[in-house]
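Q: Please take a close look at one part of this predicted model and describe how that part relates to the rest of the chain. A connected account would be preferred to a list.

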Amino acid sequence: MELSCKNEYAILALIELAAHFNSGEPLQIRQISQQQQIPDRYLEQLLATLRRGGLVRSQRGARGGYVLAREPWKINLLEVITCLEGADSQPIDQDAPVKTVESAVISELWNEAHQAAQSVLQRYTLQDLCEKRDARRQLDIMYYI
C-alpha cells in the first residue's frame, strides 16, 4: 500500500483548511498552494473533487475561497481517501472466481491488509493530524542561550 501524491496533496490542503477552521475565513487556492507547496492547477482539481464529495465548500467573491464543510474532528482520513479514489480503494472482490490456492491466500491477505488500513484511516481525523503537527512543531523549537 502506498500513499499517492494525489492523496498526500489533498490531505495537506485539508490540514491547512482545518488549521484555519476556527477563524471561519475561507482560504484561497493561492494561499494553500504557497503554504503547502502544492501546484495551483493540481490543487484546484483536488479541491473540486473534495467539494463534490462534500468535504469542502467553496465561497465566491473577493474574499472567497475554500472552507471545510464540517468540523475537522468529524472528517476522518478514510472519507478523504474514499472521496478521491472511489472504487479504486476497494479490496479484492471475494466473489471473483479464484484460479489457484495461492491466489486465494493472496486475496485473503490483501483483504486483511485493506481492512487494517481502513481501520487506521477511519480512526484519525483532520483534527488529529493538526494536533500531531503542532506537537511536532513544539519539539522542533530550539532555544539558544
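A: The part chosen here is helix α1, beginning with its contact with helix α6. On the α1 side, Ile 11, Leu 14, Ile 15, Ala 18 and Ala 19 take part, and they meet Leu 126, Leu 129, Cys 130 and Arg 133 of α6. By residue class, this contact comprises eight nonpolar residues, no polar residue and one charged residue. As to geometry, α1 spans residues 5-19 and α6 spans residues 126-140, and the two pack at an angle of about 85 degrees with their axes 9 Å apart. Because angles from 65 to 115 degrees count as roughly perpendicular, α1 is roughly perpendicular to α6.

The setting of this pair is a predicted protein of 145 residues, of which buried residues make up 32%. Its secondary structure consists of six helices and two strands, arranged along the sequence in the pattern α-α-α-β-β-α-α-α. Of the contacts between residues at least 6 apart in sequence, 65% join residues at least 24 apart.

Leu 14, one of the α1 residues that meet α6, also leads into the nonpolar core. Apart from neighbours within four places in sequence, Leu 14 is in contact with Leu 50, Val 56, Leu 68, Val 80 and Leu 126. The largest nonpolar core has 28 residues, and those touching the most other members are Leu 14, Leu 17, Leu 47, Leu 50, Leu 68 and Val 80. Two or more residues of this core are given by each of α1, α2, α3, β2, α4 and α6. Helix α1 supplies the largest share, eight residues. In soluble globular proteins, nonpolar side chains tend to be buried together.

Beyond α1, the loop between α1 and α2 contains Glu 25. Glu 25 forms a salt bridge with Arg 63, and the closest N and O atoms are 2.9 Å apart. Since Arg 63 lies in the loop between β1 and β2, the pair ties together parts that are 38 residues apart in sequence. The two partners differ in accessibility class: Arg 63 is exposed, at a relative accessible area of 63%, whereas Glu 25 is partly exposed, at 40%.

This salt bridge is one of five in the structure. Another joins Glu 79 to Arg 70, with the closest N and O atoms 2.4 Å apart. Glu 79 is partly exposed, with a relative accessible area of 27%, and Arg 70 is likewise partly exposed, at 27% relative accessibility. A further salt bridge links Lys 74 with Glu 71, where the closest N and O atoms are 3.6 Å apart. Here Lys 74 counts as partly exposed at 47% relative accessibility, and Glu 71 as partly exposed at 26%.

A second helix contact may be set beside that of α1 with α6. Helix α4 (residues 77-85) packs against helix α5 (residues 101-123) at an angle of about 115 degrees, with their axes 6 Å apart. Leu 77, Leu 78 and Ile 81 of α4 meet Gln 118, Leu 121 and Gln 122 of α5. The residues of this contact are four nonpolar, two polar and no charged. Helix α4 is also among the elements that give two or more residues to the largest nonpolar core.

Conventions. Residues are numbered from 1 along each chain as its sequence is written. This is a predicted model: local features need pLDDT of at least 70, side-chain atom pairs count only at pLDDT 80 or more; totals for chains, interfaces and linings use all residues. Side-chain values use heavy atoms; hydrogens and water are left out. Axes are lines fitted to C-alpha atoms, for helices over the stretch in contact, and angles run from 0 to 180 degrees between N-to-C directions. Helices (H or I, at least four residues) and strands (E, at least two) are DSSP runs, numbered from the N terminus. Contact means heavy atoms within 4.5 Å. Ala, Val, Leu, Ile, Met, Phe, Trp, Tyr, Cys and Pro count as nonpolar, Asp, Glu, Lys and Arg as charged, and the others, Gly among them, as polar. Angles under 35 degrees count as roughly parallel, over 145 as roughly antiparallel, 65 to 115 as roughly perpendicular and the rest as oblique. A salt bridge is a side-chain nitrogen of Lys or Arg within 4 Å of a carboxyl oxygen of Asp or Glu. Buried means under 20% relative accessible area, exposed over 50%, partly exposed in between (1.4 Å probe, protein chains only). A nonpolar core is a set of buried Ala, Val, Leu, Ile, Met, Phe, Trp, Tyr and Cys residues joined through side-chain atoms within 4.5 Å.
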